[in-house]
Amino acid sequence: MRSYEEELQYLEKISPVCWRIKKGFVPNMNVEGIFYVNEPLEELMFEELKHSVGQGGGIGGFLPGVRQIANVAALPGIVGRSIGLPDIHSGYGFAIGNMAAFDVSDPKAVVSPGGVGFDINCGVRLVRTNLFEKDLQPVKEQLCQTLFDHIPVGVGSKGVIPMNAKDLEEALEMGMDWSLREGYAWAEDKEHCEEYGRMLNADPSKVSLRAKKRGLPQLGTLGAGNHYAEIQVVDEIYDKFAAKVMGLEEVGQVVVMIHSGSRGLGHQVATDALVQMEKAMKRDKIEVNDRQLACARINSVEGQDYLKGMACAANFAWVNRSSMTFLARQAFAKVFESTPDDLDMQVIYDVSHNIAKFEEHIVCGQQKTLLVHRKGSTRAFPPHHPLIPVDYQITGQPVLIGGTMGTCSYVLTGTEQGMLETYGSTCHGAGRALSRAKSRRNLDYTDVLNQLEKQGISIRVASPKLVMEEAPDSYKNVTDVVETCHAAGISKKCVKLRPVAVIKG
């Protein structure tokens, strides 16, 4: 067991906001690791590493983020570097905020469910309105309650969107095309969604009956944990041109941010795959540094089955966010006695931050097809990339960075530098600084609620326990995270959003 000082020998600062993890930090590293942090975030990273030396655990008993980045660098078929974004914190297998790409042409290259996470296609959607904060003030509490009444929240919440087993099969295969057909989405919504809201390799036969049973009653539900629906206002505009293209033209403009994923269905898809992959690893003699990094060759039966099942869960998550957008539009229409169309409730963009996708990237001067794992990491493609909507060809892809309950959120845009350094990826949010258990021990929910009230933020929450777990003090400073990405050039600040009402599970 190395001392903390010996661990530091393998870490090198290569820019004001970037550190390199040299080969040898953990056994069998195929590539180096890097992580992006500014000074306050750097302190948290090194504190976690120091605390773990001789104890074997980081946040919530997982390995520290630095070691998880390095363990991912030891996976077969990885190219470039294992990359940690500034919101990185310990997770299952991969750290949350860790992304890595694998060369599809390498027969040894793997897919790992730990590189996607249990909440497959957890993501963020931003809907604009033509309302302003002054329009909101007289009806804020009423609107907050109406939104809470319309969108089912909490652990055991059941959806209000009618769905039977046949509908579910179709939704898993069709994604947002199902929402469009059933009248729960507008045609423009799909245009402003990553992958146009549908992964084409989805095969519902690869999703277990148990996963489908868990998903069936949960469509159009927010869930619990860090999921939320927030009413926000534009607080600052950094890039006027890009903001105008998105329809965010003035400070005080009201928007709605929805952060949710694939609920119990996605969790079960991941759980089922991990069982199969443990068997595949024994058969194919795949060795990993951490058994939580269970994986299978991309082209193996297990690898392909997981990717097809994961695509179904991703489609389910897009249908879920579309359903909640439909419910949010209804809530706004009811309170303002108008129509969603007259309120200009257009989707600005919808991004995923727990997903694995086949993409074309340049590696050592050559174009290659890579399987890019983004866990707690957001796609951030630059201007003129063929996979982003026509509207955003000049500005680059909108990137939605959700804050924590009571703190600001951001809209960024993708950059060419990000494409070269991080395979077109950036951060996804604030990233936890305290485990959920520690948050419950250290914080009092009445203090948190009083603080939100002082900030003028209305809140509706299903569980008081959740208020402590999701309090701003449980997380890193989202502004530090965003400033680091901006300083590193891997994404660019566009708009800052301030919450005025929060709906949580």
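At 57% relative accessibility, Asn-28 counts as exposed. The model described here is a predicted one. Asn-28 is found in the loop between S2 and S3, and its phi is positive, about 65 degrees, although Asn-28 is not a glycine. Most residues other than glycine have a negative phi. A second case is Asp-344, again not a glycine, with a positive phi of about 55 degrees. Asp-344 belongs to the loop between H12 and strand S11 (347–352). With a relative accessible area of 25%, Asp-344 is partly exposed, because the exposed class begins over 50% and the buried class lies under 20%.

The loop that carries Asn-28 leads into the sheet. Strand S1 (residues 11–15) pairs with strand S2 (residues 18–21) in the antiparallel sense, over four bridges. The connection from S1 to S2 is a hairpin of two residues. Within this pairing, Leu-11 stands opposite Ile-21 in S2. On to the next strand, S2 and strand S3 (residues 33–36) run antiparallel and are joined by four bridges. Cys-18 has Tyr-36 in S3 as its bridge partner, and Arg-20 has Ile-34 in S3.

These strands belong to an open sheet of seven, ordered S1-S2-S3-S4-S5-S13-S12, in which the pairing is mixed. S1 and strand S12 (354–363) are the edge strands, each pairing on one side only. On average, and with direction ignored, neighbouring strands of this sheet are turned by 25 degrees against each other. Helix H17 (residues 478–488) packs on the sheet, where H17 touches S3 and S4. The direction of H17 makes about 145 degrees with that of S4. Helix H2 (residues 39–52) lies across S1, S2, S3 and strand S4 (78–89), and runs at about 170 degrees to S1.

Aromatic side chains also connect residues in this part of the chain: Trp-19, Phe-35 and Phe-46 are linked into a cluster by ring pairs. Helix H3 (residues 65–72) is a separate matter of burial. Eight of its eight residues are buried, so H3 is largely enclosed by the rest of the structure. The buried residues of H3 include the charged or polar side chains Arg-67, Gln-68 and Asn-71, along with Val-66 and Ile-69.

Turning to the helices, H11 and H12 have axes that come within 10 Å and cross at roughly 170 degrees. The two helices are therefore roughly antiparallel to each other, since angles over 145 degrees fall in that class. On the H11 side the contact residues include Leu-265, Val-269, Ala-273 and Met-277, and among those they meet in H12 are Tyr-306, Met-310, Ala-313 and Phe-316. Asp-272 also lies in helix H11 (residues 263–284) and is partly exposed, with a relative accessible area of 28%. The C-alpha atom of Asp-272 is separated by 10.0 Å from that of Pro-113, although these residues are 159 apart along the chain.

H12 has another helix contact. The axes of helix H6 (residues 165–174) and H12 come within 7 Å and cross at roughly 100 degrees, and H6 and H12 are therefore roughly perpendicular to each other. Leu-168, Ala-171, Leu-172, Glu-173 and Met-174 of H6 make this contact with Cys-312, Asn-315, Phe-316 and Val-319 of H12. Phe-316 is thus listed in the contact with H11 and in the contact with H6.

Which aromatic pair involves H12? The structure holds nine aromatic pairs. Tyr-184 and Phe-326 form one that is edge-to-face, 5.1 Å centre to centre with 80 degrees between the planes. Tyr-184 lies in the loop between helix H7 (176–182) and helix H8 (187–191), and Phe-326 in helix H12 (residues 301–336), so the pair ties together parts that are 142 residues apart in sequence. Tyr-184 counts as buried at 14% relative accessibility, whereas Phe-326, at 24%, counts as partly exposed.

Two charged side chains are placed over rings. The charged end of Arg-329 sits over the ring of Trp-186, 3.6 Å from its centre. The charged end of Lys-493 sits over the ring of Tyr-238, with 4.2 Å to the ring centre.

How values were computed: Residues are numbered from 1 along each chain as its sequence is written. This is a predicted model: local features need pLDDT of at least 70, side-chain atom pairs count only at pLDDT 80 or more; totals for chains, interfaces and linings use all residues. Side-chain values use heavy atoms; hydrogens and water are left out. Rings of Phe, Tyr and Trp (its six-membered ring) pair if their centres lie within 6.5 Å; planes under 30 degrees apart count as stacked, over 60 as edge-to-face and the rest as tilted. Buried means under 20% relative accessible area, exposed over 50%, partly exposed in between (1.4 Å probe, protein chains only). A charge sits over a ring if NZ of Lys or CZ of Arg is within 6 Å of the ring centre and within 35 degrees of the ring normal. Two strands pair if DSSP finds at least two bridges between them. Axes are lines fitted to C-alpha atoms, for helices over the stretch in contact, and angles run from 0 to 180 degrees between N-to-C directions. Angles under 35 degrees count as roughly parallel, over 145 as roughly antiparallel, 65 to 115 as roughly perpendicular and the rest as oblique. Contact means heavy atoms within 4.5 Å.
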